[in-house]
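Q: Please take a close look at the ligand site in this model, and then at the enclosed spaces in the protein. Which residues surround the ligand, and what lines the cavities?

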Amino acid sequence: MNAMLTPRIESRLPQVGTTIFTVMSALAQEVGAVNLGQGFPDFDCDPALLDHVTAAMREGLNQYPPMTGVPVLRQRVADKIEALYGRRYDANTEITITAGATQAILTAVLCCVHPGDEVIVLEPCYDSYAPNIELAGGQVVRVPLTPGTFRPDFTRIAAALSPRTRLVMVNSPHNPSATVWTGAEMQQLAELLAPTQALLLSDEVYEHMVYDGLPHVSASSVPGLAERAFVVSSFGKTYHVTGWKVGTVAAPASLSAEFRKVHQFNVFTVNTPVQHALARYMADPAPYVELAAFYQRKRDLFLDGLKATRLRPLHTQGSYFQLVDYSAVNSLPEAEFCQWLTREVGVAAIPVSAFYEGGFEQRLARLCFAKKDDTLRQALQRLQKL
Ligand SMILES: Cc1ncc(COP(=O)(O)O)c(C=O)c1O
């Protein structure tokens, strides 16, 4: 191809390059490292779920579904939210099925953020938030979570709110810090937003991975938040099928109506047989109800092994991530440490600095424990030699 003949475009996202997740996964593969970097399971889903997909395909459920999602799946999602969090969403007007949480978040941002509007994100945060806001022409307003504990700092959030704040984006259980917001913190957020016109995007993709008997406090359960919130979740995380890219958005009818206008011309619809399969699988709540115990056991296995290393584990309350402080090992910056760990020790990790715009350094690395026990043991053996 003669590149000279291709017209040049001005990038909509000039800051964006290859993500750290791609870089670390490629490096892990190149050097044969155990990949605890990117957040996805290395084990398969329940075969019953696969059977449901095959059955749906064989039944001829292969054409476009309704734009908002297959009705039976929307119904199941509404039922689940009511059973777990006590709020009834109307399956017809308030639940939309999306192509994963990533599309849900972009669509929510595009449907409400106008050029010049401000959107508050709490750093460290998932890497799609800021580019999504920039695509909408919005201003990213970054507020740090408290260094060390990663708890929300309401004084700083209050200071960041302005008449131009259109949206606040929060995430609990949190990637990368593995903290979980308390009911009191959600309440404080509700009080802070009460006098404002700001909407909320509550990213709850790890809603079923909360440990030690802690509750997941969904924005849908908090009066004052639910009325202004897009509540986002992901089947990929819950059912060990991150590659299927199916998610949900629950939001009041007026917000859902605007969301759907953008969704309609963005993806229009989401994979039909997979939606039917998920609806059938959801008839039994056990897989999502038991997910916390499943991952808590893995967290504990991993944590136990980490005690015999020079890495200092931080407390994981939720999600499938474990942060480790490596100050006792060396003083490399986080990105260099993770590259070194991958090459020299054979375990891939993600630098927490990658979740901050300015690359804030705390000597922390993120490891993912959504892996087979054998994979975790192999990684631990290597880490214990540090
Ligand atoms: C906090 C957070 N939000 C959203 C997503 C994206 O979810 P999905 O794969 O359903 O698009 C992820 C995936 O890692 C995540 O960690």
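A: The ligand site is described below, followed by the cavities.

This is a predicted model, in which local features need pLDDT of at least 70 and side-chain atom pairs count only at pLDDT 80 or more, while totals for chains, interfaces and linings use all residues. Residues are numbered from 1 along each chain as its sequence is written, and side-chain values use heavy atoms, with hydrogens and water left out.

The ligand is surrounded by G100, A101, T102, Y126, N171, N175, D203, V205, Y206, S234, K237 and K245 (a residue counts if one of its heavy atoms lies within 4 Å). By class, this shell holds 4 nonpolar, 5 polar and 3 charged residues; Ala, Val, Leu, Ile, Met, Phe, Trp, Tyr, Cys and Pro count as nonpolar, Asp, Glu, Lys and Arg as charged, and the others, Gly among them, as polar. Helix α4 (residues 100-112) gives the largest share of the shell, 3 residues (helices are DSSP runs of H or I, at least four residues, and strands are runs of E, at least two, numbered from the N terminus).

Polar contacts are pairs of N or O atoms within 3.5 Å. A polar side-chain atom of Y206 lies 2.6 Å from an oxygen atom of the ligand. An N or O atom in the side chain of N175 is 2.8 Å from a ligand oxygen, and a polar backbone atom of A101 is 2.8 Å from a ligand oxygen. Taken alone the ligand exposes 400 Å², of which the protein buries 93% (Shrake-Rupley method, 1.4 Å probe).

The space taken by the ligand is the second largest pocket. On a 1 Å grid over the protein atoms alone, a pocket is an open set of points with protein on both sides within 12 Å along at least five of seven lines, whereas a cavity is a set where a 1.4 Å probe fits but cannot get out; lining residues have an atom within 4 Å of a point. A molecule sits in either if more than half of its atoms lie within 2 Å of its grid points.

There are 2 cavities of 30 Å³ or more. The largest has a volume of about 180 Å³ and is lined by 21 residues, with V77, K80, E207, S233 and T248 nearest its centre. Its lining divides into 11 nonpolar, 7 polar and 3 charged residues.

The second largest cavity has a volume of about 50 Å³. N171 helps to line this cavity and also belongs to the ligand shell. Strand β5 (residues 165-171) supplies the largest share of the lining, 3 residues.

Note on methods
A polar contact is a pair of N or O atoms within 3.5 Å; within protein, one must be able to donate a hydrogen and the other to accept it, and residues adjacent in sequence count only if both atoms are side-chain atoms. Grid points are joined across faces, edges and corners, and a volume is the space filled by probe spheres set on the points.
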